[in-house]
Every structure is written in C-alpha cells, then in structure tokens.
Amino acid sequence: MATARLVEVYLDLLSQPCRAVHILLGCNKIPHTVRTVALRKGENRTPQFTKLNPMQKVPVMVDDGFILRESDAILKYLVTKYNIPEHWYPRQPERRARVDEYTAWHHSNTRPHAAKVFILEVLVPAQTGSKVDEGRLIRALSQLDDTLDKLESMFLGRQPFLCGDDITVADLLAICELMQPLGGGRDVLQQRPQLQRWRSRVQSAVGESFDRAHAVLYGLRDRRNAKL
C-alpha cells in the first residue's frame with residue numbers, strides 16, 4: 001500500500017498570506033511539511049524556486065505533484081480536499097458566496113492598504129537607510145482607516161466573524177494583513193474596539209497556531225522596540 005505524501009508548503013512567515021496558510025494547516029492538523037523561502041535572502045529568485053513558481057512569490061503548495069501558487073486558492077483547496085470543518089469554506093452557496101465576496105475584495109483593499117503601512121515604516125527605511133516618509137505614511141494610514149471602516153460596516157457588523165457566525169478563510173487572510181504593521185510597532189486596531197474583539201475571537205478559534213505563525217513578526221517588533 002502506497003504511503004500518502006504530505007502536503008508541502010513553501011513559506012516565508014514574514015509574508016501575510018503565508019501566515020494564513022500556516023495557521024489553517026496548523027490548527028486543523030493537516031499533515032504537511034514547511035519549506036522555508038527567505039524572501040530577504042532572495043531565495044524566491046533561485047532557479048529551483050523559479051521553476052516551481054515563475055512569479056517568484058510565496059506561498060506555494062505542492063500536493064502529490066499538484067501545484068498551487070495563490071494563497072486564496074490554496075486555502076480553499078485545502079478546506080475542500082481535507083477532512084476539516086466545512087465552516088472554513090462553507091458548501092452552502094450563500095455562505096460560500098460571502099467568503100468569496102470578502103476574498104475578492106481583500107486583494108484590492110485590506111491587503112495593499114495594510115501592507116503599505118508596513119512597507120513605508122519598516123521595509124523602505126531598512127532597505128534604503130532613509131527616514132520614514134511621513135507624508136506618504138499619513139496618506140497610507142488614511143487609506144487603511146477607510147478600509148477598516150468598511151471591514152466594520154460591510155463585513156463584520158454585529159456578527160462575530162467577517163462572513164457569519166463561524167471563522168472562515170476570510171478571517172485568516174484579513175487578520176494576517178492587519179497584524180503586519182505590528183512589525184513596525186503599530187497596532188492598527190488600537191482605536192478599533194469592534195475589530196479588537198474580532199481579532200481576539202480569531203485568536204481563540206485557532207489557538208496556539210496564531211502565535212506560532214506570528215513569532216517572526218513579533219521578533220521583528222521586539223527588535224525594533226529595543227532600538228528605540
């Protein structure tokens with residue numbers, strides 16, 4: 001009898017979508033192997049990795065020869081294929097459509113706007129040695145505030161999670177983006193009690209997988225704070 005092959009995932013846990021994939025695998029105990037790809041070292045540009053993903057981006061999933069290269073697709077595939085609670089990506093059409101609605105919106109809103117704050121406060125100064133461009137940062141924070149308003153009003157509302165009463169892959173994608181500015185010491189939910197409560201519910205739902213996935217980000221925050 002052939003032995004089932006483990007899912008392989010190529011991740012850099014400083015990457016927000018990688019953390020979402022890592023959390024889903026961990027909290028649902030899907031057998032897997034993590035292959036670390038350090039973006040800061042250019043490991044995503046090696047010939048070996050480029051053959052796997054010509055876009056030179058993470059995450060990448062390989063499941064018995066089947067390759068997926070987008071976090072949204074990877075998360076939904078894992079829920080669909082493996083025996084985990086279906087609330088992560090519901091089969092019922094209306095509930096599934098709510099998740100799809102958020103994940104479609106996510107890539108033009110939560111993802112770029114939270115990432116831009118981190119890029120301006122952390123990545124650009126680290127790579128160039130320059131000071132933070134305060135004008136660009138103020139504009140980025142304003143864009144993110146508009147996104148947070150919509151997260152509260154359009155998606156969360158009075159329900160516990162973004163797409164209803166149970167956690168879904170939408171919550172993982174969103175929270176991992178909104179944690180990213182913490183690498184620069186900025187908690188973008190600090191003045192948002194509704195979203196803070198949602199974050200706590202997400203953390204409780206996934207348990208220790210949350211902190212394991214974010215350990216690298218916490219370390220970046222702590223090293224930054226130690227220098228101040």
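Asp-64 is exposed, with a relative accessible area of 53%; exposed means over 50% relative accessible area, buried under 20%, and partly exposed in between, with a 1.4 Å probe and protein chains only. The model is predicted: local features need pLDDT of at least 70, side-chain atom pairs count only at pLDDT 80 or more, and totals for chains, interfaces and linings use all residues. Residues are numbered from 1 along each chain as its sequence is written, and side-chain values use heavy atoms, with hydrogens and water left out.

**Exercise 1. The hairpin and backbone angles**

Task: State where Asp-64 is found and what its phi is.

Solution.
Step 1. Asp-64 is found in the loop between E3 and E4. Helices (H or I, at least four residues) and strands (E, at least two) are DSSP runs, numbered from the N terminus.
Step 2. Strand E4 covers residues 66-68 and pairs with E3 in the antiparallel sense over three bridges. Two strands pair if DSSP finds at least two bridges between them. In this pairing, Met-61 stands opposite Leu-68 in E4.
Step 3. The hairpin of E3 and E4 has two residues between the strands. Asp-64 has a positive phi of about 50 degrees, although it is not a glycine.
Step 4. Gln-56 is also not a glycine, and its phi is positive at about 60 degrees. Gln-56 is placed in the loop between H2 and E3 and is partly exposed, with a relative accessible area of 27%.
Step 5. The loop between helix H2 (47-52) and E3 also holds Pro-59. A cis peptide bond, with omega about 5 degrees, joins Val-58 and Pro-59.

**Exercise 2. The strands around E1**

Task: Determine which residues are the bridge partners of Glu-8 in E2 and in E3.

Solution.
Step 1. Strand E1 (residues 7-11) and strand E2 (residues 32-36) run parallel and are joined by five bridges. The partner of Glu-8 in E2 is Thr-33.
Step 2. Between these two strands the chain passes through helix H1 (residues 16-27), and this β-α-β crossover is right-handed. The term means that, with the strands pointing away from the viewer, the path from the first strand over the helix to the second runs clockwise.
Step 3. E1 also pairs with E3, in the antiparallel sense and over three bridges. The partner of Glu-8 in E3 is Val-62.
Step 4. In a regular strand the side chains alternate between the two faces of the sheet. In E3 (residues 60-63), Val-60 and Val-62 lie on one side and Met-61 and Asp-63 on the other, and all four are buried.

**Exercise 3. Trp-88 and the nonpolar core**

Task: Is Trp-88 buried or exposed, and which residues does Trp-88 touch?

Solution.
Step 1. Trp-88 lies in the loop between helix H3 (71-81) and helix H4 (93-106). Its relative accessible area is 3%, so Trp-88 is buried.
Step 2. Not counting residues up to four places away in sequence, Trp-88 touches several residues, including Leu-24, Val-79, Ile-167, Leu-172 and Val-206. Contact means heavy atoms within 4.5 Å.
Step 3. The side chains of Trp-88 and Asn-28 make a polar contact (3.3 Å). A polar contact is a pair of N or O atoms within 3.5 Å; within protein, one must be able to donate a hydrogen and the other to accept it, and residues adjacent in sequence count only if both atoms are side-chain atoms.
Step 4. The largest nonpolar core has 65 residues, and Trp-88 and Leu-162 are among those with the most contacts inside it. Helix H7 (residues 169-179) gives the largest share of this core, nine residues. Such a core is a set of buried Ala, Val, Leu, Ile, Met, Phe, Trp, Tyr and Cys residues joined through side-chain atoms within 4.5 Å.
Step 5. Leaving aside neighbours within four places in sequence, Leu-162 is in contact with residues including Tyr-102, Leu-151 and Trp-198.

**Exercise 4. The cysteines**

Task: State how many disulfides the structure holds, and explain why Cys-163 forms no bond with Cys-176.

Solution.
Step 1. The structure holds zero disulfides; a disulfide is a pair of cysteine sulfur atoms within 2.5 Å.
Step 2. For Cys-18, the nearest cysteine sulfur is that of Cys-176, 9.8 Å away. Cys-18 is buried, with a relative accessible area of 0%.
Step 3. The closest cysteine sulfur to that of Cys-163 is in Cys-176, and no bond forms because the distance of 15 Å is too far. Cys-163 is buried at a relative accessible area of 15%.
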